[in-house]
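Work through the exercises below with the sequence and the model at hand. Try each task before reading its solution.

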Amino acid sequence: MGWNLAKMVKKADKRPLEITMLNIDEIEPNEKNFYLVEGESVDQSNEQLKASLKLFGLMTPLLVTKADVGYKIISGHRRYKCCRELHELDENQFSLIPCLIDDNVGEAAEEMKLILANSTTRKKTDWEITEEVARLKEALQKYKQEGNIVPGRIQDIIAETLDMSKSSVGRHESINKNLIDKAKEKYKSGIMPMSTAAEMATLSPEEQNELIKKSDLKLADIKRVKIKKGKGNDIKNISSSIQGKKDIPEAKQDDKKYLVTVLTELRGIRDKFHNSVKVVRYMEELIAIVKKDIKRCEQGEVNEDDK
């Protein structure tokens, strides 16, 4: 068991927090909050929350900290939003909000508390998890710069805190670092699945800019680019370890002979790793893509978008 971030944050709190009723106009959202509070993915949940608030009131206090003017939220942005909307309909409702005031918060600790408070209390989108990984990494680095001890590797701490594998953390970091802005917009909106975003993040910005023009971009489109441009690193590494080859043979990208050579290469890898379900499944996906391209070559249907 590695360093427990939740225990560290709890240990830093010297005294228990008491509930204080604050005027709703004294409270403001935290500019550091990146979790979605509106939009298609949360609108239904917000309506359900408002229905609950009407019946039972706000049963879970907001966690806030002092701001330059008033208080800013650490945890409870959706609750605040729903209370605010109900208050605007009837000013007699939710004019006072139960809050826990945490005045023992540094900049890095504030960010970590915001993430910890939200990471296990809601269903998150893939984009929120990617942002969560990036923000937690930044907060931990800042926490360390403030003179605090952060034992172990930051990636390990993130994996344990967010209950995910280190490889998953790496994929989210790659998406955050390498995915172009236009693709990130589609990823954030839910149009682009994480599997597509992760594969796309392995391509150059120029290749991504070309692919993002496709209105119906699919994972197969990205894998086709990686195959034809010799960027299937996972394929090359497996092939190299088995057969001592450095790369899939080079040839013209639209040449049927090249595609047949690639197809043979993929089948060889699949057969060598027949006991690995994951490798076999991935090879079968790539084989299907290459077979389609060979058929299109035979039919003379290869166009510029496929090269």
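**Exercise 1. Helix α3**

How many residues does α3 have, and what distance does it reach from its first C-alpha to its last?

Solution. This is a predicted model, and every value here is computed from it. Helix α3 covers residues 77-89. That makes 13 residues. From first C-alpha to last, α3 reaches 19 Å. The expected value, at 1.5 Å a residue, is 18 Å, and the helix comes close to it.

Next task: determine how far α3 is enclosed, and by what.

Solution. Take the cut-off first: a residue is buried under 20% relative accessible area. Of the 13 residues of α3, 10 are buried, so the helix is largely enclosed by the rest of the structure. The buried set opens with His77, Arg78, Arg79, Tyr80 and Lys81. Cys82, Cys83, Arg84, Leu86 and His87 complete the list. Now look at the cover. It includes the strands β2, β3, β4 and β5. It also includes two helices, α2 (43-56) and α4 (107-119).

**Exercise 2. The sheet**

Give the strand order of the sheet and identify its edges.

Solution. The sheet is open and has 5 strands. Their order is β1-β5-β3-β4-β2, and the pairing is mixed. The edges are β1 (19-23) and β2 (27-28), each pairing on one side only. Helix α3 packs on this sheet, where it touches β2, β3 (62-66), β4 (71-75) and β5. The directions of α3 and β4 make an angle of about 125°.

Next task: work out the sense of each pairing listed here, and find a residue pair for it.

Solution, pair by pair.

- β1 with β5 (residues 96-101): antiparallel, over 5 bridges. Threonine 20 has cysteine 99 of β5 as its bridge partner.
- β3 with β5: parallel, joined by 3 bridges. Here valine 64 stands opposite isoleucine 101 of β5.
- β3 with β4: antiparallel, joined by 4 bridges. Here threonine 65 stands opposite lysine 72 of β4.

Now trace the link from β3 to β4. The two strands form a hairpin, with 4 residues between them. In the turn, glycine 70 has a positive phi of about 75°. Finally, check the burial of β3. The strand is mostly covered, with 4 of its 5 residues buried.

**Exercise 3. Packing of α2 on α3**

At what angle do α2 and α3 pack, and how far apart are their axes?

Solution. The angle is about 65°, and the axes are 10 Å apart. The crossing of α2 past α3 is right-handed. Then list the contacts. From α2 come Ser45, Asn46, Leu49, Lys50, Leu53 and Lys54. They meet Arg78, Arg79, Lys81, Cys82, Cys83, Glu85 and Leu86 of α3. As background, an α-helix has 3.6 residues a turn, so residues three or four places apart point the same way.

**Exercise 4. Cysteines**

Why is cysteine 82 not bonded to its closest cysteine sulfur?

Solution. A disulfide needs two cysteine sulfur atoms within 2.5 Å. The closest cysteine sulfur to that of cysteine 82 belongs to cysteine 83, 7.2 Å away, which is too far for a bond. Cysteine 82 is buried, at 0% relative accessibility. Cysteine 99 is in no disulfide either, with the nearest cysteine sulfur, in cysteine 83, 9.3 Å away. Cysteine 99 is also buried, with a relative accessible area of 0%. The count of disulfides comes to 0.

**Exercise 5. Two residues in other helices**

Place serine 195 and threonine 130, and describe the surroundings of each.

Solution. Serine 195 lies in helix α9 (residues 194-200). At 35% relative accessibility, serine 195 is partly exposed. Beyond its neighbours within four places in sequence, serine 195 contacts Arg171 and Leu219. Lysine 218 is 23 residues from serine 195 in sequence and 9.9 Å from it in space, C-alpha to C-alpha.

Turn to threonine 130, in helix α5 (residues 126-145). Threonine 130 is buried, with 4% relative accessible area. Beyond its neighbours within four places in sequence, threonine 130 contacts His172, Ile175, Asn176 and Tyr187.

Conventions
Residues are numbered from 1 along each chain as its sequence is written. This is a predicted model: local features need pLDDT of at least 70, side-chain atom pairs count only at pLDDT 80 or more; totals for chains, interfaces and linings use all residues. Side-chain values use heavy atoms; hydrogens and water are left out. Two strands pair if DSSP finds at least two bridges between them. Contact means heavy atoms within 4.5 Å. Axes are lines fitted to C-alpha atoms, for helices over the stretch in contact, and angles run from 0 to 180 degrees between N-to-C directions. The expected span of a helix is 1.5 Å times one less than its number of residues. Buried means under 20% relative accessible area, exposed over 50%, partly exposed in between (1.4 Å probe, protein chains only). A crossing is left-handed if the near helix is turned anticlockwise from the far one by less than a right angle, and right-handed if clockwise.
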